[in-house]
Amino acid sequence: MTQFSAADHAMMARAIRLAERGAYTTRPNPMVGCVIAHGDEVVGEGWHVRAGEAHAEVHALQHAGDRAKGATVYVSLEPCAHTGRTGPCADALVAAGVSRVVAAMRDPFPQVDGAGFDKLQAAGITVESGLMAGDARVLNRGYLSRQERGRPWVRVKLATSLDGRSALNNGESKWISGEASRQDVQHWRARAGAILTGAGTVLADDPSLTVRLGDDTPFLPPLRVVLDPGLATVARGRVREGDAPTLYIHAPDAKLPRGLTTQVAPAPVKGGLFDLEAVLKLLAAREINEVQIEAGATLAGAFLAAGLVDEILLYVAPVLLGENARPMFDGLGISTMAERHHLRIVESRYIGHDVRLLLQPVHTG
């Protein structure tokens with residue numbers, strides 16, 4: 001096993017922090033950061049800003065200039081080895097005369113997947129990988145999910161009262177969480193490739209599902225996805241307005257309205273309900289890395305019961321809604337303690353007067 005130095009760890013941590021700057025703009029590409037150094041001295045750095053533009057290594061090499069020769073390159077993901085919309089980063093590193101490349105992890109994209117390392121090693125460059133691999137995987141969990149599992153990473157966003165209720169019995173839920181939490185959600189929306197909801201939520205709440213950051217931070221508008229078997233909402237609602245694209249997913253036998261101008265796609269239905277795994281594969285085919293579900297208890301519960309939820313973004317407000325209010329998830333069918341769903345708290349922090357929890361399901365079977 002490679003023994004990495006304290007300087008190696010510091011430089012890779014810096015590369016990962018740089019990569020995070022592309023969270024709102026790089027998709028469908030992964031977020032990548034790069035640092036070029038001679039020992040403890042950084043001579044160049046960069047990150048992948050936007051798909052179709054220069055990769056992190058190219059930005060860092062331009063910053064380093066002639067000082068890249070003989071340097072160590074720290075990169076959060078294996079350098080690419082193929083020509084897409086940009087040239088191979090592995091070739092650029094070879095041409096610059098770097099002596100060592102340390103990568104956090106291998107890139108599972110089929111056109112890379114070790115080929116970048118092979119090119120570097122064939123040129124006599126020392127290649128080491130695995131440094132801070134766990135952090136690198138968390139950074140690009142959506143991209144890696146699409147490459148390795150063939151489906152996006154699924155995050156369910158919920159606001160709940162202290163007694164675990166997501167809406168009053170009549171469906172009213174504005175607002176359980178505070179203003180600070182509602183603004184915080186915008187940053188999670190901005191990093192998602194798609195925001196998904198159901199026809200029931202469109203009819204009841206009329207959400208716009210857009211990103212409103214309130215500053216000049218650049219972002220790519222996420223795709224708005226409505227699961228609507230019969231296309232009952234295709235001609236109504238704020239979800240059709242604005243610059244963000246909207247996709248309606250419908251049952252195969254749905255009748256398409258005349259003069260339809262929005263995007264639509266069929267997905268299989270089983271027992272009157274969408275095949276949710278097929279829905280996710282459809283979105284992966286559209287290069288969606290992360291899906292943020294903002295829906296009612298029925299759809300959120302269906303995804304959770306199907307084992308398709310990767311994380312839950314939960315805002316807990318210091319209020320009580322009572323026993324008649326609606327739960328966070330419907331349809332889990334739990335009748336014994338042995339059937340309960342286990343969750344791991346990944347992170348907790350105060351957002352205004354609320355507590356934000358990031359949770360991940362624990363699969364005990």
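Mentor: Before we start, a word on contact: it means heavy atoms within 4.5 Å. And keep in mind that this is a predicted model.

Trainee: Got it. So what covers the buried residues of α3?

Mentor: The cover includes α2 (56–64), β3 (72–75), β4 (100–103) and α4 (115–122).

Trainee: And which residues of α3 are the buried ones?

Mentor: In helix α3, which runs over residues 89–96, they are Cys89, Ala90 and Leu93. They sit on the same side of α3, because they cover an arc of only 105° around the axis. As background, an α-helix has 3.6 residues a turn, so residues three or four places apart point the same way.

Trainee: What comes just after α3?

Mentor: Glycine 97, with a positive phi of about 80°.

Trainee: Back to the cysteines. How many disulfides does the structure hold?

Mentor: Zero. The cysteine sulfur closest to that of cysteine 80 belongs to cysteine 89, and at 3.7 Å it is too far for a bond. A disulfide needs the two sulfur atoms within 2.5 Å.

Trainee: Are those two cysteines buried or exposed?

Mentor: Cysteine 80 counts as buried because its relative accessibility is 7%. Cysteine 89 is buried too, at 1% relative accessibility. The cut-off for buried is under 20%.

Trainee: New topic: which residues does UniProt list for "binding site"?

Mentor: The unreviewed UniProt entry lists Ala159, Trp175, Thr201, Asp205, Gly296, Ala297, Thr298, Leu299, Ala300, Gly301 and Ala302. Those positions are spread over 144 residues of sequence, and they are also spread in space, with up to 23.7 Å between C-alpha atoms.

Trainee: Let's pick one. Where is leucine 299 found, and what does it touch?

Mentor: Leucine 299 is in helix α10, residues 297–305. Leaving aside residues up to four places away in sequence, leucine 299 touches Leu196, Thr197, Gly198, Leu227 and Leu276. Leucine 299 is buried, with a relative accessible area of 17%.

Trainee: And alanine 302, is that buried or exposed?

Mentor: In between: alanine 302 counts as partly exposed, at 31% relative accessibility. Alanine 302 also lies in helix α10. Not counting residues up to four places away in sequence, alanine 302 touches Leu276 and Asp330.

Trainee: Now the sheet. What's the strand order in the open sheet of nine strands?

Mentor: The order is β11-β10-β9-β8-β14-β6-β15-β18-β17, and the pairing is mixed. At the edges stand β11 (263–266) and β17 (342–351); each has a single partner strand, so one side of each is left without a neighbour in the sheet. From one strand to the next, the twist averages 25°.

Trainee: In which sense do β6 and β14 pair?

Mentor: Strand β6 (residues 153–160) and strand β14 (residues 290–293) pair in the parallel sense, over four bridges. Arginine 155 stands opposite glutamine 292 of β14.

Trainee: Which strands does helix α7 touch as it packs on the sheet?

Mentor: Helix α7 (residues 179–191) touches β6, β8 (194–198), β14, β15 (311–316), β17 and β18 (354–362). The direction of α7 makes about 165° with that of β15.

Trainee: And what about helix α9?

Mentor: Helix α9 (residues 276–285) packs on the sheet as well, touching β6, β8, β9 (223–227), β10 (246–250), β11 and β14. The direction of α9 makes about 145° with that of β10.

Notes:
Residues numbered from 1 in each chain as written. Predicted model: local features only at pLDDT ≥ 70, side-chain atom pairs only at ≥ 80, totals over all residues. Heavy atoms only, no water. Buried < 20%, exposed > 50% of the residue type's maximum accessible area, 1.4 Å probe, protein only. Helix = DSSP H or I, 4+ residues; strand = E, 2+ residues; numbered from the N terminus. Arc of directions from axis to C-beta. UniProt positions renumbered as here; feature names shortened; annotations may be inferred. Pairing = 2+ DSSP bridges. Axes fitted to C-alpha atoms, helices over the stretch in contact; angles between N-to-C directions.
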